[in-house]
Amino acid sequence: MTLTRSLSTLLTAAACTTLLAGAAPAADPIKIGVPVGLSGANSVVAPSVVQSAQLAVDEINAKGGVLGRQLALEVADDASGAAGAQKAFDSLVFQKKVDVLISMETSAARNAGLPIVTRGKVPYIYTSFYEGKSCSPFLYVNAWVPEQQVPPIVDYFAREKKAAKFFLIGSDYAFGRGMLAFTKAYVEKIGGKVVGEEYLPMDGSDWTPIISKLKAAAPDALITSTAGGAPNVTLTKQLRAAGVALPYGNLAVDEGTAKGMGTDAEGIYLSASYVTGIDSPANKTFLAAMQKKFGTELKTPNDLSVPEYEAVYAYKAAVEKAGGTDATKVLKALAEISVEGPRGKIAMSKQHHAPLTMYLGQVQADGGVKVIKSFADVDPGAQCPNLKD
Amino acid sequence: MPDLGSALRSHASPSLPGLPRSLGRIAIPALLAAVLVVGGPWILDTYTLNILVRALFVAIAALTVDVLWGYSGTLTFGQSAFFGIGAYALAIGFTQFGFGPWQALLALGAAVGIAAAVAGFVGWLSFYPGSTPLYASVVSLVLPIVLVQLLYSGGTFTGSSSGLVGFESFDVSLDNWFRLAGGAVLATLVIAWIVLSSDAGRVLGAMRDNDERCAYLGIDTARVRIALSVVMGVVAALAGYGYVGFSGVAAPENAGFVFGTQLVVMVALGGRGSLIGAVIGALVIEVASAYLSSSLPFVWELIVGVAFVLVIVVLPGGLFGSLREASAAMHPRLAALFARTASSISLATLDRVAPTPDRNAVVVEADGVSKHFGSLSVLSGVSFTARQGELVSIVGPNGAGKTTLIRCLADGRERSEGTVRVCGHSIGRLPPDRVVGLGLGRKFQAASVFETLSVADCLRVARSRSERPSLVAASPVLALPAAARAVVESSGLAERLDLQARFLSHGLKQALELAMVLALDPQVLLLDEPTAGLTRAERQGFAAILTDLVARERLCVLIIEHDLDFVRQISSRIILLHQGRVALDGPVADIVDDPLIREIYTGSTRPKPAEAKP
Amino acid sequence: MITPVLDIVTTAAILFIVSAGLLIVFGVMKIINFAHASFITVGAYTALVASHLGLPPVLAPAAAFLVGGLIGAAAERVVVRRLYGRPLDAILATWGLSIVIGQLVTLVFGREVQFVPAPVSGTLAILGADYSSYRLLLVVAAFVIAGLFTVLLNGTRLGLSTRAVIMNENLAQGLGIDSTRVRLITFGIGCGLAAIAGALITPLASVDPNMGLSWLIGAFMLVMISGGSLLTLGLSCFVLGGLQVLTSTFISPILGGLTIAVLAAVALRLRPEGFARA
């Protein structure tokens with residue numbers, strides 16, 4: 001009797017425990033914060049960035065998530081500027097308490113957000129190309145820097161177009177000035193000459209006087225580096241309206257924006273780490289998945305949005321390698337992992353930056369980009385020599 | 001006088017010695033707020049504290065907007081520029097020189113100094129005799145735009161479009177930042193409340209209600225406004241300094257036009273002219289937008305926009321004003337809590353040496369005064385003198401130039417040619433407030449008083465030229481010259497000292513204005529059709545007052561009148577103006593029966609009028 | 001050399017087109033319509049919709065005028081009518097109105113930047129330089145608008161009533177002119193003009209919910225110093241617009257953006273009533 005009773009007690013206890021374990025709530029989702037310019041200068045490209053993040057999260061969740069936990073996206077508007085970024089980062093880090101920040105932003109927003117990232121001790125994967133030399137133990141970058149992007153265009157103009165005099169136009173902020181400073185140095189290094197360097201504030205939309213100066217200086221080639229989105233468009237439109245037909249290298253345009261510009265964009269040269277025409281199985285699978293998920297709402301994947309997709313996967317890999325979302329371990333793991341994505345194999349192994357395959361392309365009449373040349377594994381150079389890892 | 005004063009003081013409501021009585025009314029809410037400020041960090045979470053610290057610094061900037069707009073009537077979009085000056089002074093200082101106590105002090109000094117200089121310059125540009133409130137708003141609009149463009153063009157020194165970030169700042173815990181910011185808001189509120197409730201604060205309300213009347217009471221409104229701008233600019237700069245000291249990011253958006261208009265929206269929604277409304281508006285909007293901007297970004301701004309339009313069009317009092325009215329309607333005691341007018345004022349007479357009965361020095365001299373508008377000549381060659389103890393009526397048909405003559409006597413900038421001397425001094429090109437200082441008082445045709453001020457406050461403002469009003473206290477005693485006091489008591493104003501001027505009848509308003517002008521203790525009194533609209537009894541009372549003033553106080557009164565019977569009754573002398581010239585000038589008896597008057601008034605074809613008799 | 005001159009002329013034309021609507025409202029109603037910027041935006045989005053619907057580009061300004069005019073008339077009826085005695089409050093209320101309109105546009109169209117193709121592209125060889133045809137076209141448009149409004153004001157009954165109301169509203173009312181209706185129509189026309197401006201400038205810029213804002217301050221300052229005369233407005237646009245172009249070209253584009261605002265503020269200090277002779 002006692003044995004049956006103790007056995008049944010044991011069995012009941014065992015049953016209860018299994019039931020309880022089964023009924024225990026699923027593990028908390030891992031939150032990915034995406035502060036991005038839903039309004040302001042970046043509002044043109046922000047939707048494509050959000051779509052990439054959404055696809056990556058959906059794909060990963062469908063396969064079981066990361067370490068058994070689902071991923072959740074928290075998007076916040078940084079208004080493409082420093083003040084808005086502060087609010088967005090504060091909200092994501094301290095209110096929504098995200099585990100990681102993965103996004104593309106203007107340099108102003110990134111610079112304003114970094115102190116908050118440092119205070120909150122949250123890893124931040126920056127997926128936008130930028131002017132380089134932004135360094136923090138918490139920051140990783142999987143997009144290009146000037147050392148990777150500028151030489152292909154300048155070399156091409158100098159050699160194929162026989163350009164000796166260059167005119168530079170940009171938006172007056174960190175990216176614009178940084179890119180053009182590097183360009184000027186590189187032009188002079190290869191023996192060319194910069195005959196003009198003009199800037200307009202980020203919110204400026206009237207390029208008339210600068211275009212007049214351009215025409216007066218009669219250069220052989222034009223290289224521009226404006227803030228993404230609206231300034232790019234207004235400059236190109238006004239250039240075309242003024243009849244400027246020089247070889248035109250745009251350091252800040254992406255395929256989506258180029259498509260939106262219509263015929264005005266035809267002939268623009270760009271140098272990017274991603275174009276939709278990349279002929280690889282990974283890219284084709286990616287494009288098909290995007291098309292399936294978003295249908296007619298799809299925004300053209302571009303050099304600002306695809307790194308976002310790959311970054312989510314990079315974070316997944318780092319968390320799996322670190323065995324959890326602990327910031328210190330994840331940050332260490334981010335330097336060691338690599339992902340295979342539409343852009344090929346990406347590893348943020350060089351001082352928190354990544355060697356990338358770059359493509360020199362020209363925008364066609366239909367808005368697509370034709371690849372003229374490609375360069376494999378271009379090194380980002382010494383971006384953060386003081387970071388110890 | 002001292003006996004009366006101290007007797008009154010002991011009779012008044014109890015208060016701590018040395019502290020102004022107005023403090024008593026807000027002591028309890030202030031203490032409650034202080035408790036919230038000190039204890040807040042223990043109940044609120046980190047994110048909310050973060051938002052609140054920033055919101056509190058913004059609230060200080062909103063307070064400056066309320067003082068300028070709600071209290072003194074200048075709509076300003078430019079306080080954001082001063083906020084930005086403070087913000088960038090700190091950011092630039094710490095970026096260039098690193099962080100340390102003397103760098104912090106240097107940046108603070110720069111913030112205050114630059115803000116004061118810019119505010120002074122902008123004030124000088126906006127407030128000058130003859131400026132309009134619209135122009136002041138225009139300048140306040142241009143200021144942040146100019147500043148932001150300068151920031152954009154500053155390269156790495158100002159961080160251009162990106163702003164400045166990454167500099168080391170004060171190492172204060174979040175909790176203590178909250179206490180600091182909260183304490184700052186509280187201190188600003190209390191100080192503002194005390195000053196604005198004081199007698200000096202009444203002058204601001206007077207300027208908002210009726211700037212011209214202030215000028216004619218001898219108040220240099222331009223100077224007061226400029227001084228106010230400087231103080232408010234410095235306070236806003238200090239708020240910006242604190243804001244960036246906490247947040248560590250200085251961006252052009254902190255100094256721009258959009259932020260400037262947001263401050264106005266906050267004040268409007270919270271309730272302009274109530275001080276606490278500005279703080280409430282700022283806190284509500286900042287906190288709500290931080291929480292809602294991710295979930296309902298577009299809808300939230302739409303709601304704010306609609307609310308703003310509603311408030312401007314139909315609910316000028318904003319949130320706080322509506323609360324005040326609703327609670328006043330519900331319970332009269334609550335109404336008393338919110339009421340602003342002081343409780344009991346008592347009149348006193350100023351000691352003065354009575355003038356000798358036969359003093360009759362010349363106090364008004366006009367010599368060849370002319371006024372042209374292009375080719376149209378309104379006055380030509382008007383010359384006369386007037387003495388103490390004379391009551392001169394200026395008569396003439398419409399268009400003769402009577403009011404223009406009064407204007408030329410009171411405002412040195414009006415006349416085209418000729419000289420005017422008041423009490424022996426030439427008025428040159430002096431503006432009205434300076435002419436008042438020479439001993440002249442002008443009463444307007446339409447009663448020109450301060451609509452939202454109480455009767456007592458109107459009179460007190462009238463005295464502010466002679467007695468510097470206290471910046472801290474609201475005196476319970478109103479001391480007036482005997483003549484002014486006589487008018488106040490005989491007209492019935494003495495029973496209505498707490499009543500707002502806009503609720504007075506027409507006759508009482510006229511009496512109030514007369515009392516205000518007499519409070520200046522003038523030697524020359526210019527009256528423009530003062531009996532228009534008065535009943536017969538009021539007119540008689542008025543006549544009695546005037547004759548008394550002239551006989552006992554030896555005033556010189558120049559009065560424009562149409563009622564020839566009244567003129568005949570009270571005047572000692574008549575000047576007849578016709579088509580801008582003096583047609584007749586002499587004692588009442590001589591003039592009244594002169595056929596010229598009849599002909600001019602009824603109109604007849606006569607060649608040029610005869611020369612004025614001396 | 002010719003290019004800066006053409007820059008000045010075309011910039012003046014654009015400024016005139018943008019400011020004309022604001023001037024008409026200020027001249028007749030003595031209030032500043034701070035919602036002017038949002039009506040520019042409305043016009044731009046109307047052009048966007050028109051181009052999506054496949055309408056010929058010539059119709060876009062007309063469509064914009066209709067849409068802007070109707071919304072403007074509604075706004076006058078509901079909001080502005082109550083503010084005629086309070087000019088400062090009118091500025092604020094119309095500013096609030098612009099926030100509301102801007103947010104509604106954002107809700108409907110989203111925050112992204114959109115593009116409208118230029119109806120006329122390419123350049124024209126003029127006086128030895130290749131200059132943007134579209135910009136030159138805008139000069140023509142400016143004259144057309146100025147001409148239309150002079151005709152409207154001087155040649156029609158409505159114009160006569162409007163001039164009467166401008167000069168002496170009480171007297172006009174006493175003579176039986178329905179000044180309320182005049183104001184309603186005028187405000188509608190002013191907003192409609194702003195919308196036309198928006199439709200006309202989109203090919204040179206981008207279309208986003210805040211695009212009108214950058215034009216507001218310049219237009220406002222130009223109207224204030226013009227004091228109510230269309231002719232003076234044209235001259236002010238030419239002089240100040242010219243100075244803006246020269247400053248941007250030869251000194252710095254950033255300071256160029258300041259020129260109109262600063263110079264107009266100084267001019268107003270010297271002559272507060274504006275420079276109209278009338």
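Student: How far does helix α21 of chain B reach from its first C-alpha to its last, and what span is expected?
Tutor: Keep in mind that this is a predicted model. Helix α21 of chain B covers residues 506-519, which is 14 residues. At 1.5 Å a residue the expected span is 20 Å, and the helix comes close to that with a reach of 20 Å.

Student: Is α21(B) largely enclosed or largely open, and how many of its residues are buried?
Tutor: A residue is called buried if 20 or more other C-beta atoms lie within 10 Å of its own. By that test α21(B) is largely enclosed by the rest of the structure, because the buried residues number 13 of the 14.

Student: Which residue with a positive phi follows α21(B)?
Tutor: Look just past the helix for a phi near 60°. The residue there is D521(B).

Student: Let's move to A192(B). Is A192(B) buried or exposed?
Tutor: A192(B) sits in helix α8 of chain B, residues 174-197. The cut-off for burial is 20 or more other C-beta atoms within 10 Å. A192(B) has 21 of them, so A192(B) is buried.

Student: Which residues does A192(B) contact, leaving aside neighbours within four places in sequence?
Tutor: Being in contact here takes C-beta atoms within 7 Å. With the sequence neighbours within four places set aside, the partners of A192(B) are L63(B), V67(B) and L275(B).

Student: And how far is A192(B) from S160(B)?
Tutor: Along the chain, the two are 32 residues apart. Between the C-alpha atoms of A192(B) and S160(B), the separation is 35 Å.

Student: Which strands stand at the edges of the β5-β4-β7-β8 sheet in chain B?
Tutor: The sheet is open, with 4 strands in antiparallel pairing. An edge strand has a single partner, so one side of it is left without a neighbour in the sheet. Here that applies to β5 (376-387) and β8 (425-426).

Student: Which residue of β8(B) stands opposite R421(B)?
Tutor: Strand β7 of chain B, residues 417-422, pairs with β8(B) in the antiparallel sense over 2 bridges. Across from R421(B), in β8(B), is S426(B).

Student: Now the interfaces. Which element gives the most to the side of chain B that touches chain C?
Tutor: In this contact 28 residues of chain B meet 30 residues of chain C. Two or more residues come from each of α6 (133-152), α12 (257-270) and α14 (297-313) of chain B. With 12 residues, the biggest giver is α6(B).

Student: How do the residues on the side of chain B that touches chain C divide by class?
Tutor: Sort that side into nonpolar, polar and charged. The split is 21 nonpolar, 6 polar and 1 charged.

Student: What is the class make-up of the side of chain B that touches chain A?
Tutor: That contact takes 20 residues from chain B and 21 from chain A. On the chain B side, α3 (46-71) and α13 (276-295) are the elements giving two or more residues. By class, the side has 7 nonpolar, 12 polar and 1 charged.

Student: How far apart are the centres of the two domains of chain A, domain 1 and domain 2?
Tutor: The assignment gives domain 1 as 30-144 + 277-354 and domain 2 as 147-272. Taken over C-alpha atoms, their centres are separated by 28 Å.

Student: Which helix gives the largest share of the side of domain 1 of chain A that touches domain 2 of chain A?
Tutor: The contact takes 20 residues from domain 1 of chain A and 20 residues from domain 2 of chain A. The largest share of the domain 1 side is 3 residues, and they come from residues 107-120 of chain A, helix α4.

Conventions: Residues are numbered from 1 along each chain as its sequence is written. Chains are lettered from A and ligands numbered from 1 in the order in which they are written. This is a predicted model: local features need pLDDT of at least 70, side-chain atom pairs count only at pLDDT 80 or more; totals for chains, interfaces and linings use all residues. Two residues are in contact if their C-beta atoms, placed from the backbone, lie within 7 Å. Ala, Val, Leu, Ile, Met, Phe, Trp, Tyr, Cys and Pro count as nonpolar, Asp, Glu, Lys and Arg as charged, and the others, Gly among them, as polar. The expected span of a helix is 1.5 Å times one less than its number of residues. A residue is buried if 20 or more other C-beta atoms lie within 10 Å of its own, exposed if 12 or fewer, and partly exposed in between; C-beta atoms are placed from the backbone. Two strands pair if DSSP finds at least two bridges between them. Domain bounds come from an automatic or database domain assignment.
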